Amino acid sequence: MREVLAQAAFQLFLERGFERTTVDDIVARAGVGRRSFFRYFPSKEDVVFPDHERCLAEMTEFLAAVDDGDPVGAVCDAARIVLRMYAADPEFSVQRYRLTREVPGLRTYELSVVRRYEQTLAGHLRGRFGVDGDGELRAEVIAASVVAAHNNGLRLWLRSGGAGDPEAAVDHALDLVRDVWERPAEPSPALEKRLEGQLEKPVPAGGITAGSGDNEVIVMVAAKGTPMWRVVQQIEAAVGES
């Protein structure tokens, strides 16, 4: 019945336009009563997105079952559940995309749906990163990045009319997210310049010492690309001299 109502609604939206189609028109085309419509859809806007509640539930179930080893990879994989939902019915997905571009109210509704996906991903990440320090911020930023990357690839496919493989663009976009958030943070160019300036100064055994006695601190500065054995040698020499 849910699919019957959605199909009837989209036929009317294409024939008359979204604004000129009423719930009564939809149930008449589907051959059911108003009560049946509202049993499945709270509003006319909801019938445009008939599969998102199921998709959200599937995403939540998927995230609850994954291990903790790769949280960024897990939320990227969860985003692909949405992609598969769109790819399962290209014609309907393209029609919906075009319709939401034409109706401002549907674009607003779509944003609220997207936000629910983002909150689901962020909630999973908060459970892995915690809420102390930058944990919560990191969760929110990564979730927003995943959603933005997924939607960028998905919309490229939808704008093409559903031609080709939708996974290629989305995988490329999500790989960029993983590349940024799974690699160790690199120093900024300004920091590297400061470090290079430190290397120009004479540093005994490659170290910078500060403090005295038990509180003495040794900070190692090494040029990028220095072999690890050389770094260890310089640390041992600095510790020995201290």
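## The main pocket

The largest pocket here comes out at about 440 Å³. Its lining counts 16 residues, and those closest to the centre are Glu3, Ala6, Pro50, Asp89 and Phe92. Keep in mind that this is a predicted model.

Which helix gives the most to the lining of the largest pocket? That would be H1, with 7 residues. Helix H1 spans 2-16, and both it and helix H6 (90-102) supply at least two residues of the lining. As for chemistry, the lining of the largest pocket splits into 7 nonpolar, 6 charged and 3 polar residues.

## Aromatic rings

Searching the whole structure turns up 6 aromatic pairs. One of them joins Phe13 and Phe18, with 5.0 Å centre to centre and 55° between the planes, so the pair counts as tilted rather than edge-to-face, which would need over 60 degrees. Are Phe13 and Phe18 buried or exposed? Both are buried.

Phe13 and Phe18 also belong to one aromatic cluster together with Phe10 and Phe92. Phe92 is thus a link back to the pocket, being among the residues closest to its centre.

## Charges over rings

Phe18 has a charged partner too: the charged end of Lys44 sits over its ring, 4.3 Å from the centre. A second case involves Arg138, whose charged end sits over the ring of Phe129 at 5.3 Å from the ring centre.

## Helix H8

Arg138 falls inside helix H8, which runs over residues 135-159. H8 has 25 residues and reaches 36 Å from first C-alpha to last, close to the 36 Å expected at 1.5 Å a residue. After H8 comes Gly161, with a positive phi near 85°.

Conventions
Residues are numbered from 1 along each chain as its sequence is written. This is a predicted model: local features need pLDDT of at least 70, side-chain atom pairs count only at pLDDT 80 or more; totals for chains, interfaces and linings use all residues. Side-chain values use heavy atoms; hydrogens and water are left out. On a 1 Å grid over the protein atoms alone, a cavity is a set of points where a 1.4 Å probe fits but cannot get out, and a pocket is an open set with protein on both sides within 12 Å along at least five of seven lines; lining residues have an atom within 4 Å of a point. Grid points are joined across faces, edges and corners, and a volume is the space filled by probe spheres set on the points. Helices (H or I, at least four residues) and strands (E, at least two) are DSSP runs, numbered from the N terminus. Ala, Val, Leu, Ile, Met, Phe, Trp, Tyr, Cys and Pro count as nonpolar, Asp, Glu, Lys and Arg as charged, and the others, Gly among them, as polar. The expected span of a helix is 1.5 Å times one less than its number of residues. Rings of Phe, Tyr and Trp (its six-membered ring) pair if their centres lie within 6.5 Å; planes under 30 degrees apart count as stacked, over 60 as edge-to-face and the rest as tilted. Buried means under 20% relative accessible area, exposed over 50%, partly exposed in between (1.4 Å probe, protein chains only). A charge sits over a ring if NZ of Lys or CZ of Arg is within 6 Å of the ring centre and within 35 degrees of the ring normal.
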